[in-house]
Amino acid sequence: MNGTPEAEPVTQARPAPPHSGINWAALLVRMLARVWIVLLLLAGAAFGGVAVTQVFLRQAELEQLRREPGPNAYAILAYRAELKRQIEAISSNRSADSVPTPPARPVLLEEIDLARARNESIVQSTRSESLGTISAPP
Amino acid sequence: MPENEEPISGLPEVLRDSNRPIIIYQGPPPGQLDPVTSNAIGLLAWLLLLTVCLVVIGIASWTVWNPGHDESRYSPIYADGQPRGLANRAEERRDINALTSGLVQYVERIQADNFDRRRTNETHALIDGADGVDALRREWDETCRRVRARVYDRRIGDLDTRLSEARRQLRLTEDPTQREALDASIAQLVLQRRDQGERRRTDSDPALRCTSAASTPACSLTSQDPWCNPEIARPDEFVPRRTP
């Protein structure tokens, strides 16, 4: 393009088309369509971001909730649910020819049962001791 | 400018007067799409991006708010199985935590009362509440007794049916041999009926003896039941504690 001598200058050119003016309606519609799509895209990206954030927040919340309680306490709740389920199943089965077997007790529940039984026996022995003290001759 | 040349509209005066070659391309440059195709592809690209955004929103919303339940996954709260949506699973876990909170402290306080040799006043809704384990164990025992009574009723009912049928045949039969056999059969059935009645009254049939739910043995360490070793049955339900 730096004025090479081999290049020949243009001698014939088509005349420019007559000036037709600006089509304002077409320009406005085109602008509106572009703005619309851009807004849709921005809204989609924003809502998409919020939605993905919600997923991660819920996962983090669930993990936090799963830190407590431990499996021992969970087992007692599961045992209660199993008792409920068995009661419903046994009640609906009218043709059973044998008695059902209860579910095994979770370890923590056995510990609770033992502690309560021990407390009951302590209370009874304390009561009988005090009754003995009262009824004993001086 | 020569007079036989028409002026080229749109070109700057400097360029026209420079006597340099002027090349005017008709249409798009080589390798570039025409404006209509290019615009259409641009529009499709925008729509594709928008669709990706909508799909991401849909998947994320479904992951969080899915109302369904997974029947194959056990839930101590919902009979239909574990919820699918993260929000409902968090809600389920919140309920579990609320119901089981303070359980370990409860047993520790009873043990402390035992140590001090005093009557315990400790209660826990999950154990001795209206819908607690104690009430359900009593209900379970009652259900077992009803099943036992139903089995005895059925057995005695069968014997009564056979007995009445034998007596009816005895009334119709004239043959002494058959009457003798029927008499023996009736005597046998009467004995069986009496035996079943006695077993029922004294609960002496080991196969039909209800075991109290409160006196069953504790879970074994290897049991796969969720109420025995949930950390084995449901390993993803528990987050291991961080050791300091």
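Start by selecting B:Cys53. In this predicted model, its relative accessibility is 14%, so B:Cys53 counts as buried, the cut-off being under 20%.

**Stop 1: the disulfides**

Stay with cysteines, but switch to the bonded ones. Over all chains, the structure holds two disulfides. As a reminder, a disulfide is a covalent bond between the sulfur atoms of two cysteines.

Pick B:Cys144 and B:Cys210 and draw the S to S distance: a disulfide joins them at 2.0 Å. Then zoom out a little, as this pair ties together distant parts of the chain. B:Cys144 sits in helix α6 of chain B, while B:Cys210 lies in the loop between α7 (176-202) and α8 of chain B, and 66 residues separate the two. If you like dihedrals, the angle about the S-S bond is -100°, and the link of B:Cys144 and B:Cys210 is left-handed.

Which end of that link is buried and which is partly exposed? Turn on a surface to look. B:Cys144 has 0% relative accessibility and so counts as buried. B:Cys210 comes out at 24%, so that end counts as partly exposed.

Next, select B:Cys219 and B:Cys228. Their sulfur atoms are 2.1 Å apart and form a disulfide. This link is left-handed too, with -65° about the S-S bond. Both B:Cys219 and B:Cys228 are buried. Number the bonded cysteines of chain B in sequence order and the pairing reads 1-2, 3-4.

**Stop 2: salt bridges within chain B**

Now show the charged side chains. A search of the whole structure turns up 29 salt bridges over all chains; here are a few to click on.

Centre on B:Arg118. Its side chain meets that of B:Asp113 in a salt bridge, 2.8 Å from N to O. B:Arg118 also forms a salt bridge with B:Asp116, where the closest N and O atoms are 3.1 Å apart. How buried or exposed are the residues around this spot? B:Asp113 has 7% relative accessibility and therefore counts as buried. B:Arg118, at 43%, counts as partly exposed, and B:Asp116, at 42%, counts as partly exposed as well.

Move on to helix α6 of chain B and select B:Glu165 with B:Arg168. The two side chains meet in a salt bridge (2.9 Å, N to O). Because they are three residues apart in helix α6 of chain B, about one helical turn separates them. B:Arg168 has 38% relative accessibility and counts as partly exposed; B:Glu165 has 33% and also counts as partly exposed.

One more selection here takes you across the chains: A:Arg105, A:Asp113, A:Arg116, B:Asp134 and B:Arg137. Salt bridges that share partners join these residues into one network.

**Stop 3: where chain B meets chain A**

Colour by chain and select what lies in contact. You should pick up 92 residues from chain B and 79 residues from chain A. The area buried between the two chains is about 7700 Å², and carbon and sulfur atoms give 65% of it. For the chain B side, highlight B:Trp140, B:Trp227 and B:Val239: these lose the most area to chain A, together 10% of what that side buries.

What about charge pairing across the interface? The rule finds seven salt bridges between chain B and chain A. For an example, select A:Glu61 and B:Arg94, whose side chains meet in a salt bridge at 2.3 Å, N to O. Widen the search to polar contacts and there are 28 residue pairs across the interface, both partners at pLDDT 80 or more.

Finally, switch to cartoon and look at the chain B side by element. The elements giving two or more residues to the side that touches chain A are α2 (35-65), α3 (86-100), α4 (103-115), α5 (125-128), α6 (133-172) and α8 (230-233) of chain B. Which one gives the most? That is α6(B), with 15 residues. Colour this side of chain B by residue class to finish: it divides into 49 nonpolar, 16 polar and 27 charged residues.

Definitions and conventions
Residues are numbered from 1 along each chain as its sequence is written. Chains are lettered from A and ligands numbered from 1 in the order in which they are written. This is a predicted model: local features need pLDDT of at least 70, side-chain atom pairs count only at pLDDT 80 or more; totals for chains, interfaces and linings use all residues. Side-chain values use heavy atoms; hydrogens and water are left out. Contact means heavy atoms within 4.5 Å. Buried area is the accessible area (1.4 Å probe) that two parts lose on being put together, summed over both. A salt bridge is a side-chain nitrogen of Lys or Arg within 4 Å of a carboxyl oxygen of Asp or Glu. A polar contact is a pair of N or O atoms within 3.5 Å; within protein, one must be able to donate a hydrogen and the other to accept it, and residues adjacent in sequence count only if both atoms are side-chain atoms. Helices (H or I, at least four residues) and strands (E, at least two) are DSSP runs, numbered from the N terminus. Ala, Val, Leu, Ile, Met, Phe, Trp, Tyr, Cys and Pro count as nonpolar, Asp, Glu, Lys and Arg as charged, and the others, Gly among them, as polar. A disulfide is a pair of cysteine sulfur atoms within 2.5 Å. Buried means under 20% relative accessible area, exposed over 50%, partly exposed in between (1.4 Å probe, protein chains only).
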